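Today I went through the side chains for charged contacts, and I noted how open to the surroundings the partners are. My entries follow the structure.

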Amino acid sequence: MSSRTQILALVTLVVDDCQEALHWYCYKLGFHLKADTDIGGGKRWLVVGPEQGADLLLALASDAKQEQAVGNQTGGRVGFFLHTDNFERDFAAMRGKGVVFLEEPRHEPYGIVVVFEDLYGNKWDLIEPR
């Protein structure tokens with residue numbers, strides 16, 4: 001039997017303004033711009049992400065149904081999990097840049113965690129795993 005490697009590489013996040021989203025994810029979360037390619041018809045292949053792990057494809061909403069999904073990618077649940085090797089450092093940096101946290105940090109069996117919102121209201125966990 002041959003071995004097979006799979007990696008979740010990219011997740012689409014529907015946005016209503018690519019430049020605003022690019023700035024928010026790169027400035028507030030410290031993500032890196034990994035690709036910005038004009039693919040015609042007013043669309044861009046705009047990819048951001050942390051140094052390691054899956055990246056986000058920031059996709060401009062192109063119709064009414066997609067516009068309704070902006071900020072509600074997962075129906076109000078935490079849908080994105082940002083792991084860190086230093087919770088206090090990243091929590092302080094994000095707070096200092098105006099990231100909105102929905103609670104105080106808490107200790108759970110799996111690590112230190114806090115819920116925050118992105119610029120659209122999608123919920124994220126910042127986690128330092130045990």
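**Salt bridges and their exposure**

I began with Arg-106, which has a relative accessibility of 27% and therefore counts as partly exposed. The model I am reading is a predicted one, and I keep that in mind for each value below.

Next I looked up the partner of Arg-106, and found that its side chain meets that of Glu-103 in a salt bridge, with N and O 2.2 Å apart. Glu-103 is also in the partly exposed class, because its relative accessibility comes to 25%.

I then turned to shared partners, and noted that Asp-85, Arg-89 and Asp-90 are joined into one network by salt bridges that have partners in common. Within this group I looked up the pair Asp-85 and Arg-89, whose side chains form a salt bridge at 2.7 Å from N to O. How exposed are the two residues of this pair? Asp-85 has a relative accessibility of 62% and so counts as exposed, whereas Arg-89, at 44%, counts as partly exposed.

My following entry concerns Asp-36, which forms a salt bridge with Arg-44, and here the closest N and O atoms lie 2.7 Å apart. For Asp-36 I noted a relative accessibility of 39%, which places this residue among the partly exposed ones, and for Arg-44 a relative accessible area of 25%, which makes that residue partly exposed as well.

Finally I asked how many salt bridges the whole structure holds. The search returned 7, including the Asp-36 to Arg-44 pair and the Glu-103 to Arg-106 pair.

Key:
Residues numbered from 1 in each chain as written. Predicted model: local features only at pLDDT ≥ 70, side-chain atom pairs only at ≥ 80, totals over all residues. Heavy atoms only, no water. Salt bridge = Lys/Arg side-chain N within 4 Å of Asp/Glu carboxyl O. Buried < 20%, exposed > 50% of the residue type's maximum accessible area, 1.4 Å probe, protein only.
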